[in-house]
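Please find below my notes on the model under review. They take up the ligand site, the nonpolar cores and one buried position.

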Amino acid sequence: MPRLDKVALVTGSSKGIGRAIAIKLAKDGFDLVINYRSNGDVAREVGLLCESFGVKVLVVKADVTRPDEVEAMMSQVIEEFGKLDVLVNNAGITKDSLVLRMSLEDFTQVVDANLNSAFNCSKEAVKYMMKKRSGSIVNITSIVGLRGNAGQVNYSASKAGLIGMTKSLAKEFASRSIRVNAVAPGFIETDMTGKLKDDVIEELKKSIPLKRLGNVEDIANMVSFLAKDDSSYITGQVISVDGGMNI
Ligand code: NAP
């Protein structure tokens, strides 16, 4: 694909779903900002892969739970590209346990990583999108944010919060032509689900109408659609990509 002259930032794009989203957007012609927190070598490899599709790439280390680091990252983006067209709030963590064993710290850390991070990044991004009167924000929530899950009170609360944030931001910025949508993955094969035991995975597959876990490209394809003008009349929506789990 030829370069689109559009810039997309994907948080937590050094691996997993974020990595696949970055690669798909690069294939589609977006210039890319790869964000990582800990592993620079892996993030730079993703950057090189994206560059091989003929787009410009910036790799930035920033902990998206920290407003100061997010602000510095956005300044770098604007210095390099002069604008930001697409923000994908993908960075996220889990710290699962039943609520009686869950510490307040484990609750807060997950909400901070999955929800407050999206607040920090969206707040910075809309400053630049408003000037251009266009933009697309895609939040990666989860089926668990729609349905709840035992052992994931922290994670499901953060992901349900992200859905509320998506709808409110969509209403707040529609008049500036900034669209805000969410993708709710079901169970996708990544390091995050790699922590689950084999017998749990087999039971899970039985409960999925399409009888398989999703792959990272299933999510990347939907994010790409929401990032591009193909979806220009869609805002405030939560789209499940879950093999039919949420029917
Ligand atoms: P993953 O493989 O664990 O990758 C998570 C990414 O987020 C990593 O690159 C990680 O970087 C980054 N990250 C975490 N905290 C960060 C922070 N504070 N600042 C910057 N980057 C940070 O997870 P995944 O499975 O790809 O999940 C990606 C997103 O999809 C998450 O929001 C997750 O909740 C959501 N999701 C996943 C599934 C699934 O089945 N896998 C289902 C529903 C929703 P470091 O490695 O450097 O920490």
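1. In this predicted model, the side chain of Ser38 places an N or O atom 2.6 Å from an oxygen atom of the ligand. Ser14 also approaches the ligand through its side chain, with a polar atom 2.9 Å from a ligand oxygen. Asn90 takes part through its backbone instead: one of its backbone N or O atoms lies 2.7 Å from an oxygen atom of the ligand. The protein buries 95% of the 890 Å² that the ligand exposes when taken alone.

2. The shell around the ligand comprises 29 residues, and the closest are Arg37, Ser38, Asn90, Tyr155 and Thr190. By type, the shell consists of 13 polar, 11 nonpolar and five charged residues. Three helices, α1 (16-27), α6 (153-173) and α7 (191-194), each contribute at least two residues to it. The most comes from α7, which gives three residues.

3. The largest nonpolar core is made up of 31 residues, and Ile21, Leu25, Leu32 and Cys50 have the most contacts inside it. At least two residues of this core come from each of β1 (7-10), α1, β2 (31-36), α2 (40-51), β4 (86-89), β5 (135-140) and α9 (216-227). The most is given by α1, with seven residues. Helix α1 thus appears in both settings, as it also supplies at least two residues of the ligand shell.

4. Leu32 illustrates how this core is connected. Apart from neighbours within four places in sequence, Leu32 is in contact with Ala8, Val10, Ala22, Leu25, Ala26, Cys50, Lys56, Val57, Leu58 and Phe81. A second core, separate from the one above, has 30 residues, among them Val60, Met73, Ala91 and Ile137.

5. Is Asn114, in helix α4 (residues 104-132), buried or exposed? Asn114 counts as buried because its relative accessibility is 2%, and the cut-off for buried is under 20%. Beyond residues up to four places away in sequence, Asn114 touches Ala91, Gly92, Ile93, Tyr155, Ser158, Lys159 and Leu162.

6. Which polar contact joins the side chain of Asn114 to another side chain? The partner is Ser158, at 3.2 Å. The Asn114 side chain also reaches the backbone nitrogen of Ile93, at 2.9 Å. Asn114 and Asn90 are 24 residues apart in sequence, with their C-alpha atoms 8.1 Å apart in space. Asn90 is itself one of the residues closest to the ligand, as is Tyr155, which Asn114 touches.

Definitions and conventions. Residues numbered from 1 in each chain as written. Predicted model: local features only at pLDDT ≥ 70, side-chain atom pairs only at ≥ 80, totals over all residues. Heavy atoms only, no water. Near = heavy atom within 4 Å. Polar contact = N/O pair within 3.5 Å; in protein donor to acceptor, adjacent residues only side chain to side chain. Areas by Shrake-Rupley, 256 points an atom, 1.4 Å probe, with all protein chains shown as cover. Helix = DSSP H or I, 4+ residues; strand = E, 2+ residues; numbered from the N terminus. Nonpolar A, V, L, I, M, F, W, Y, C, P; charged D, E, K, R; others polar. Core = buried A, V, L, I, M, F, W, Y, C linked by side-chain atoms within 4.5 Å. Buried < 20%, exposed > 50% of the residue type's maximum accessible area, 1.4 Å probe, protein only. Contact = heavy atoms within 4.5 Å.
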